[in-house]
Amino acid sequence: MISVITKRADFLRANSGTRNARAGFVLLTRPNDGQGIRFGITVTKKIGNAVVRNRMKRRFRELLRAALPTQGLPDHDHVLIGRAGGVERDFALLADELGRALERAREGKGDPSGGRRPRKGNRGR
C-alpha cells in the first residue's frame, strides 16, 4: 500500500537520504523503518503562482502513483521536489526520468553532495 507523507519531520528526515536530481525534479529516498512505500511532494513559491504549483503537484502525484507500485523502493520514503522546468516538460519524459532516478536509488547511487551551494543568510557570525 502506498501512503502520503504529511508531517514536516518526515520531509526533513527524507532530506538526509539519497538524492537524485533531474531537470524537472529532485527525488529524495530514505528508508522509513518498515512503514511501507510512502511519497511526498514539495513545490516552492519560487516555481510560480498557486495555479502553476498545483498543476505541478497534480502531475507529480500522477507520476508517483503510476511508478511506485512497480518501481518504488519497499519500506522507503520518496519525496519529489519540483524544479522550475518541471511544469513545461513532457509527461512521458518526466515518467522516464523518474524511472531512471528510482533505478539509481535502488542501486544505492545518488548525486554527489559537493555540488550543493551553502544556504544564504547568517553563517555563524
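Q: How far apart are Asp-10 and Arg-13 in helix α1?
A: In this predicted model, Asp-10 and Arg-13 both belong to helix α1 (residues 8–14) and sit three residues apart, about one turn of the helix.

Q: What makes Asp-10 and Arg-13 a salt bridge?
A: The closest N and O atoms of Asp-10 and Arg-13 are 2.4 Å apart, and a salt bridge requires a side-chain nitrogen of Lys or Arg within 4 Å of a carboxyl oxygen of Asp or Glu, so the pair counts as a salt bridge.

Q: Why is Asp-10 called buried or exposed?
A: Buried means under 20% relative accessible area, and because Asp-10 has 9% relative accessibility, Asp-10 counts as buried.

Q: Why does Arg-13 count as partly exposed?
A: Partly exposed lies between under 20%, which is buried, and over 50%, which is exposed; the relative accessibility of Arg-13 is 40%, so Arg-13 counts as partly exposed.

Q: How do you know that Asp-10 forms a salt bridge with Arg-38?
A: The closest N and O atoms of Asp-10 and Arg-38 are 3.5 Å apart, which is within the 4 Å limit. Asp-10 lies in helix α1 and Arg-38 in strand β4 (residues 37–42), so this pair ties together parts that are 28 residues apart in sequence.

Q: Why are α2 and α3 called oblique to each other?
A: The axes of helix α2 (residues 50–71) and helix α3 (residues 91–106) come within 10 Å and cross at roughly 45 degrees. Angles under 35 degrees count as roughly parallel and 65 to 115 as roughly perpendicular, and α2 and α3 are therefore oblique to each other.

Technical notes
Residues numbered from 1 in each chain as written. Predicted model: local features only at pLDDT ≥ 70, side-chain atom pairs only at ≥ 80, totals over all residues. Heavy atoms only, no water. Axes fitted to C-alpha atoms, helices over the stretch in contact; angles between N-to-C directions. Helix = DSSP H or I, 4+ residues; strand = E, 2+ residues; numbered from the N terminus. Parallel < 35°, antiparallel > 145°, perpendicular 65-115°, else oblique. Buried < 20%, exposed > 50% of the residue type's maximum accessible area, 1.4 Å probe, protein only.
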